[in-house]
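Open the model in your viewer and keep the selection panel at hand. The stops below are given in the order in which to select them.

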Amino acid sequence: MSHDLSLALPTFAGLEEVLAAEATELGLTSVEAGRRVVTARGDRTLLYRANLELRTAVRVLLSIDRFTVTHEQSLYDRLRAINWRPYLPVEGSLFVDVVDPGGWFRNTHFIAQLTKDAIVDQFRDKYQARPSVDKSNPDLRINLRIHGRGEVDLSLDSSGDGLHRRGYRRRTGEAPINEVLAAGLLGLAGYRGEQPLVDPMCGSGTILAEAALLATHRAPGLLRSFGFERWPDFDRAEWATVRQAALNRIRTAPYPILGGDIDGVAVAISRATLDRAGVLPSVRLEESPFAALDPPTSDVPGLLVTNPPYELRLQTGRIEEFYAEIGDTLKQRWPGYTAWLVSANPAAVKRVGLRSARKIPVMNGPVEARFVRYDLYRGSAED
Ligand SMILES: C[S@@+](CC[C@H](N)C(=O)[O-])C[C@H]1O[C@@H](n2cnc3c(N)ncnc32)[C@H](O)[C@@H]1O
């Protein structure tokens, strides 16, 4: 089948290259990393697979038109001229998301309303019946992205709920990291599941869950449903084949995955999360302060990826001293490891007192953070 579908994969700032690599590996073509988005081409099978398997995409948008409008009426006219029937049953439900980063239209809410009106008016005229609006569970989510001076990218949202909703999370700890960001951090750290992985401050276990999904070659979307399953052209047999192929790829994690947290409640939440994700047998959990956690033994150099408290969201007091203790523990107890800390507290990170090998800016929701790498050589150097 030819790659006649044009896809846009929004992601987090800083994860574009990781997602582009994933998209290429999946088999998408014309893959290009943009700002918080990767564009690519594929066929319907790859659209299904992108939703099921990509770890660092926030959603998978199917572009259906691109045009320039001069004002609101011309947007309405243009949208009304599109035949919507192939995308939506006459009495189906829809929801419209508008993204207008440059603020070209004054009121995105109004633009969403206008888009909905253009579609509903077309159905009423043609079929004397109209689709309804449903914010939480529509048959069709439509996405309008406005660029520069009235350029509109019109897409169907094939994901429905954002792809970070893996379906493994019920309860969280105090400051959970987004699932897509956790997968992206593991990607930036070069984790492929072929070495030991430790998160010694695991909170509700997001980094561990994403690492274990990756290490076991488990598709992140196996526990949930997607928007495209409600589309009129949904190919149930093809979807069953895609899911089965993903299930057939699952393997046992070849190297240890270890999680620790000082807080027993966090450990219990992590256990429940990992269990729902289907990866609990691949992960060892310990209720332990980082300073007392023993590195797993392995002949392959290990990776430590963690999101320590940074006081912005967790009040631990003495935060800078705590980071200095993290540095001491890394130096004394984790030689041979590569450690990555994600933190939004740069003053505290300085107190780690080890030479950083890389610093990558990332966004944890609205919070600007740094992802910092330390190579812990045997007999590690200080700054
Ligand atoms: C920001 S949260 C981690 C959130 C996690 N990434 C998630 O997605 O849920 C930091 C965690 O560090 C734990 N913690 C604080 N001090 C610790 C210590 N000395 N040793 C181990 N864990 C610690 C806290 O209990 C908390 O769960």
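**First sheet**

Start with the open sheet of eight strands, whose pairing is mixed and whose order is β2-β3-β1-β4-β8-β7-β5-β6. The edge strands, each paired on one side only, are β2 (29-33) and β6 (132-133). Two strands pair here if DSSP finds at least two bridges between them. Helices (H or I, at least four residues) and strands (E, at least two) are DSSP runs, numbered from the N terminus.

This is a predicted model, in which local features need pLDDT of at least 70 and side-chain atom pairs count only at pLDDT 80 or more, while totals for chains, interfaces and linings use all residues. Residues are numbered from 1 along each chain as its sequence is written, and side-chain values use heavy atoms, with hydrogens and water left out.

Select strand β1 (residues 5-10) and strand β3 (residues 37-42): the two run antiparallel and are joined by six bridges. Within this pair, L9 stands opposite V38 of β3.

Now add helix α3 (residues 72-81), which packs on the sheet and touches β4 (61-68), β7 (140-147) and β8 (151-157). Contact means heavy atoms within 4.5 Å. The direction of α3 makes about 130° with that of β4. Axes are lines fitted to C-alpha atoms, for helices over the stretch in contact, and angles run from 0 to 180 degrees between N-to-C directions. Next, select helix α4 (residues 108-127), which also packs on the sheet, touching β5 (93-99), β6 and β7. Its direction makes about 145° with that of β5.

**Helices α2 and α7**

Select helix α2 (residues 44-53) together with helix α7 (residues 236-248); their axes come within 10 Å and cross at roughly 45°. That angle makes α2 oblique to α7. Angles under 35 degrees count as roughly parallel, over 145 as roughly antiparallel, 65 to 115 as roughly perpendicular and the rest as oblique. The crossing of α2 and α7 is right-handed; a crossing is left-handed if the near helix is turned anticlockwise from the far one by less than a right angle, and right-handed if clockwise.

Which residues make the contact? Show T45, Y48, R49 and L52 on α2, and E238, W239, V242, R243 and A246 on α7. By class, the residues of this contact are five nonpolar, one polar and three charged. Ala, Val, Leu, Ile, Met, Phe, Trp, Tyr, Cys and Pro count as nonpolar, Asp, Glu, Lys and Arg as charged, and the others, Gly among them, as polar.

**Second sheet**

Move to the open sheet of seven strands, in the order β11-β10-β9-β12-β13-β15-β14 and with mixed pairing. Its edge strands are β11 (283-287) and β14, each of which pairs on one side only. On average, neighbouring strands of this sheet are turned by 20° against each other, direction ignored.

Select strand β12 and strand β13 (residues 338-343), which run parallel and are joined by four bridges. The bridge partner of L303 in β13 is T338.

Stay on strand β12 (residues 303-306) and pick T306. Is T306 buried or exposed? At 1% relative accessibility, T306 counts as buried. Buried means under 20% relative accessible area, exposed over 50%, partly exposed in between (1.4 Å probe, protein chains only). Not counting residues up to four places away in sequence, T306 touches D199, P200, M201, I207, W340, L341 and V342.

**The β14-β15 hairpin**

Strand β14 and strand β15 (residues 367-375) pair in the antiparallel sense over seven bridges. They form a hairpin with two residues between them, and G365 in the turn has a positive phi of about 65°. I360 stands opposite F371 in β15.

Pick R358, found in strand β14 (residues 358-364). R358 is partly exposed, with a relative accessible area of 42%. Leaving aside its neighbours within four places in sequence, R358 is in contact with L188, W340, F371, V372 and R373.

**Helices α5 and α6**

Finally, select helix α5 (residues 179-188) and helix α6 (residues 206-215), whose axes come within 9 Å and cross at roughly 60°. The two helices are therefore oblique to each other, and α5 passes α6 in a right-handed crossing. At the contact, E179, A182, A183 and L186 in α5 meet T206, I207, E210 and A211 in α6. These residues divide into five nonpolar, one polar and two charged.

Bring the second sheet back to see α5 lying across β9 (197-199), β12, β13, β14 and β15, at about 170° to β14. Helix α6 packs on the sheet as well, touching β9, β10 (257-261), β11 and β12, and its direction makes about 175° with that of β10.
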